[in-house]
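Q: Please take one part of this structure and go through it closely, in plain terms. I would like to know how the chains touch one another, and what holds for a few single residues and pairs beyond that.

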Amino acid sequence: MQIPYNAVERPDTGLYNAKLGIWLFLASEVMLFGALFSSLVLLRVNATTWPHGWEILNVPLATVNTIVLISSSVTMVMSWASLLEKNFAKFRRYLGGTILFAFVFLVIKAFEYGAKFEHGLLPSTSNFFATYFTMTGLHGLHVIGGIIVNIYLWGPGSKMWTTDPARFINRIEVAGLYWHFVDLVWIFLFPILYLL
Amino acid sequence: MEHVATAPHTDHAHLHEEELGFLRNYIFSVDHKVIGIQYGITSLLFLLFGFSLMMVMRWQLAYPGQPIPYIGEWFGEMNAPGGIMLPEFYNQLGAMHGTIMVFLGVVPLAVGAFGNYLVPLMVGAPDMAFPKLNATSYWSYFVGGVVMLASFFIPGGAANSGWTSYAPLSVIATAGQTYWLIGMVFLITSSLLGSMNIIVTIIQLRAKGLTFMRLPFFVWAQLVTSFLLLLAFPPLEAAGILQLMDRLAGTSFFMPSGLIVSGVPMENSGGGSVLLWQHLFWFLAHPEVYVLILPAMGIVAEIIANNTRKPLWGYRSLVYATVFLGFMSFIVWAHHMFLTGMGTTISTFFQTTTMIISIPSVIILTALIISLWGGSIRFSVPMLFALAFLPMFGIGGLTGLPLGLAPTDIHLHDTYYVIGHFHYVVAPGTLFALFAGIYFWYPKVVGRSMNSTLGKIHFWGSFVSINFIFMPMFIQGLAGVSRRLYDGGAQYTHAQGVLYLNEVMSVAAWTLGLFQIPFIFNFFWSIWKGKKAADNPWESTTLEWQTPTPPGHGNFLKEPVVVRGPYEYSLPGASKDFSPQSES
Amino acid sequence: MSDFHSIDSRTHVRKYLYVFYSLMVLTVVTVSVSYVHLPFIAALIVALIIASIKAALVAGYFMHLISERKMIYALLVLTVVFFVALMFLPMLHHSDPGMVG
């Protein structure tokens with residue numbers, strides 16, 4: 001017997017395995033980041049002083065980064081749509097774009113961290129910087145994870161397009177769901193850390 | 001994943017072995033049965049190790065300040081000069097006993113081993129939904145275990161801040177705590193991957209005709225357990241990351257302002273909240289209690305139905321109670337924190353939810369007890385353990401009620417009463433159920449049965465001695481003896497009247513250790529010398545018994561089609577007293 | 001693979017682009033508002049509303065939640081309930097009028 005419902009949907013649930021899997025994973029990610037947001041709120045509510053993000057963080061740079069990450073999300077969903085059109089070359093261009101944007105995001109992030117370190121602003125400086133570095137750092141690790149998966153699917157993993165195209169489209173959709181989630185976390189991190 | 005896709009079914013196991021060689025077959029296998037066995041053996045070793053830590057601690061509690069006989073020198077001058085245990089070492093043993101038993105022993109055995117081996121078989125699937133992820137999950141657990149063990153050998157030794165790792169004590173503790181946190185990150189990752197896999201397998205890979213209300217109760221228990229692991233563990237992972245930052249990057253998430261340690265003010269920026277750790281920790285650790293108990297209930301339900309030769313009483317109530325229990329377990333956590341200065345409003349909230357959650361537990365236990373009524377009970381070894389589970393879990397559960405109410409908890413909090421309470425749930429409760437499961441499914445896994453005389457010695461010896469360990473704890477706890485005294489209360493006024501019980505408990509603990517020897521011997525001896533078992537030696541109805549013994553790669557010779565519920569025993573008019581789920 | 005195959009993929013692509021433009025506009029709006037330095041509570045409410053709209057757009061269209069299966073909805077509702085518990089119960093701990101410590 002082979003494992004069923006890798007490529008096609010199970011009729012009664014309407015889902016293929018990996019789609020249910022990734023949503024379960026994302027649910028656990030919601031709880032992970034949820035716990036961090038909860039901690040942030042608790043610490044801030046109880047703090048005697050807490051700076052506004054815009055006073056000490058670089059808002060223009062973070063705005064650029066927001067735009068970069070949103071763009072990477074669009075190219076991701078476009079790469080999936082290209083596969084539905086059976087246009088493999090276009091798929092690769094878009095997915096390549098996503099990977100590129102992700103790298104740009106990390107480079108900008110690195111500049112931001114570097115500038116903070118230069119001014120002696122470290123996680124131990126205050127609980128504001130502690131939460132800032134921890135949350136953006138964990139988000140950054142998620143970006144790196146996404147880059148690794150996407151590079152695999154862009155390169156060696158894309159061979160599956162010729163052997164099992166239906167399952168490959170599923171894989172891109174699942175990778176996309178993860179990537180959009182990373183984008184979604186940033187959509188909340190950005191205003192909460194930088195703009196308030 | 002599909003290396004055998006084209007081979008004819010009958011040759012699967014054979015071909016698979018030849019193609020892949022020893023390493024891929026037995027070490028880095030992606031077959032759920034091999035991974036289940038790996039989980040089983042690793043977790044049993046950890047259980048033995050964790051229990052050994054406790055047997056050493058019990059010497060110190062019974063005979064404080066006296067050198068440990070025979071093995072005292074093993075611990076080195078750092079931990080036990082002249083064989084006399086230092087308080088610091090006692091704290092390490094205590095913290096690691098809890099951590100190992102819960103995170104490296106019981107959960108991996110209940111979910112990793114039983115869940116992995118049995119869930120795909122019971123739902124009629126060829127494997128878990130994501131076999132490679134499954135192997136990743138095991139190896140992540142393995143690495144986490146190695147990190148935890150390694151921490152004993154670093155300067156300062158293993159973590160010593162209790163299994164709860166309360167801040168700020170844990171933040172300023174020795175390097176062992178860092179190892180503990182890193183180990184936990186691996187264990188949490190393992191649990192997350194494993195629970196995802198189990199949920200997808202149950203929902204997506206059910207055989208034709210196997211509707212949700214035809215699932216064996218064990219599968220339901222695993223499903224709810226997996227949801228608990230999936231959604232409750234991430235907050236602890238977050239808390240672990242924050243504590244790592246506190247320890248390594250000097251942040252102050254859990255470090256309050258103005259903290260002074262041994263007369264020296266701490267240099268942290270301060271402003272953190274020690275209670276934040278407790279909230280995040282118990283947000284996991286309370287559902288974790290149900291992670292420990294639900295698979296045990298599932299195992300007991302299977303064995304009771306099989307050995308009473310009649311359907312479970314109230315299958316639907318069992319299922320609904322379990323789902324409700326799982327849901328409620330997320331909003332009771334702060335009953336562990338009544339003494340942290342919480343206000344009355346929130347205390348009342350958590351007391352109320354705690355009382356509510358006892359209702360589904362009682363429903364489950366009642367349904368299992370009523371299931372015995374009028375059955376022609378077979379007193380096999382697994383059934384003995386399953387029967388013992390019922391009163392033992394009952395004692396554990398009922399003694400929890402005074403702890404769930406703030407006024408009584410003020411007196412009992414952090415005393416031996418608490419230790420007695422949760423050990424009744426986990427040791428003669430969960431562990432007995434897991435033993436029952438091992439005796440019950442051993443013939444399917446190995447192809448031979450375990451010896452039942454040795455099994456009965458194991459059972460009666462364990463049953464008597466384990467009660468002599470935990471019952472006196474209630475007496476000590478009610479007298480007010482704190483759970484964390486390394487001299488067993490010798491210097492503690494409250495403890496003087498009940499001090500004699502320490503020796504009773506310690507002797508009982510070592511006796512319990514002795515009575516595990518027949519089990520260990522039986523476990524290995526039966527692999528080669530046990531009585532050969534048929535495919536369905538217990539005449540059971542569920543799908544796992546409809547496979548060859550042991551099941552080959554791909555599990556079923558032909559795709560099973562389910563036609564009836566899981567517990568159709570003694571059907572009127574049937575030719576035999578059990579009607580398998582997949583037989584038409 | 002889902003029903004998307006049958007739908008004309010050009011309408012899809014157009015939809016994604018509209019979402020993209022909306023996200024850009026909302027990003028500019030939220031940043032501009034932050035330069036006004038509203039009182040904290042007002043700023044918090046505005047920022048969270050805009051972030052929630054952006055999140056809904058991403059989840060709804062890029063992650064196709066707008067036409068997802070019931071089981072996924074059920075899972076997410078469950079997660080949100082626990083998330084809310086995790087978010088607000090600890091806060092209650094600190095703002096409880098009957099607090100002793």
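A: What follows starts with the contacts of chain C and then turns to salt bridges, one helix and one residue.

This is a predicted model, in which local features need pLDDT of at least 70, side-chain atom pairs count only at pLDDT 80 or more, and totals for chains, interfaces and linings use all residues, while side-chain values use heavy atoms and leave out hydrogens and water. Residues are numbered from 1 along each chain as its sequence is written, and chains are lettered from A and ligands numbered from 1 in the order in which they are written.

Take the contact of chain C with chain B. Here 19 residues of chain C are in contact with 23 residues of chain B (contact means heavy atoms within 4.5 Å). Together the two chains bury about 1700 Å², with 81% of that on carbon and sulfur atoms; buried area is the accessible area, taken with a 1.4 Å probe, that two parts lose on being put together, summed over both. Of the area that chain C buries against chain B, 37% comes from C:F82, C:L89 and C:H93, more than from any other three residues. The side of chain C that touches chain B has 13 nonpolar, 5 polar and 1 charged residues. In this sorting, Ala, Val, Leu, Ile, Met, Phe, Trp, Tyr, Cys and Pro are nonpolar, Asp, Glu, Lys and Arg are charged, and the others, Gly among them, are polar. Between chain C and chain B there are 0 salt bridges (a side-chain nitrogen of Lys or Arg within 4 Å of a carboxyl oxygen of Asp or Glu). The count of residue pairs in polar contact, with both at pLDDT 80 or more, is also 0. A polar contact is a pair of N or O atoms within 3.5 Å; within protein, one must be able to donate a hydrogen and the other to accept it, and residues adjacent in sequence count only if both atoms are side-chain atoms.

Now take the contact of chain C with chain A. It takes 56 residues from chain A and 46 residues from chain C. About 4500 Å² is buried between these chains, 81% of it on carbon and sulfur atoms. This interface has 2 salt bridges. A:E9 forms a salt bridge with C:R69, and their closest N and O atoms are 3.9 Å apart. There are 3 residue pairs in polar contact between chain A and chain C, both residues being at pLDDT 80 or more. Helix 1 (17-46), helix 3 and helix 7 of chain A each supply at least two residues of the side that touches chain C; helices and strands are DSSP runs numbered from the N terminus, with helices being H or I of at least four residues and strands E of at least two. Helix 1 of chain A gives the largest share of that side, 17 residues. By type, the side of chain A that touches chain C divides into 38 nonpolar, 12 polar and 6 charged residues.

Over all chains, the structure holds 12 salt bridges. A:R10, A:D12 and B:R206 are linked in a network of them. B:D577 pairs with B:R309 in a salt bridge, with the closest N and O atoms 3.0 Å apart. This pair links distant parts of the chain, 268 residues apart: B:D577 is in the segment after strand 4 (531-532) of chain B, and B:R309 is in the loop between helix 8 (274-308) and helix 9 (315-328) of chain B. B:D577 is partly exposed, because its relative accessibility is 28%, whereas B:R309 counts as buried at 3%. Buried means under 20% relative accessible area, exposed over 50%, and partly exposed in between, with a 1.4 Å probe and protein chains only.

Helix 4 (residues 88-118) of chain A has 31 residues and, at 1.5 Å a residue, should span 45 Å; its end C-alpha atoms are 45 Å apart, which agrees. The expected span is 1.5 Å times one less than the number of residues. Among the buried residues of this helix are A:F91, A:L95 and A:F105. The buried residues of helix 4 pack against helix 2 (53-56), helix 3 (59-84), helix 5 (127-154) and helix 7 (165-195) of chain A. After helix 4 of chain A comes A:G120, whose phi is positive, near 70°.

Last, B:Q243 lies in helix 7 (residues 217-248) of chain B. B:Q243 is buried, because its relative accessible area is 0%. Leaving out residues up to four places away in sequence, B:Q243 touches B:S165, B:S170, B:V171, B:Q177, B:L181, B:F254 and B:W277.
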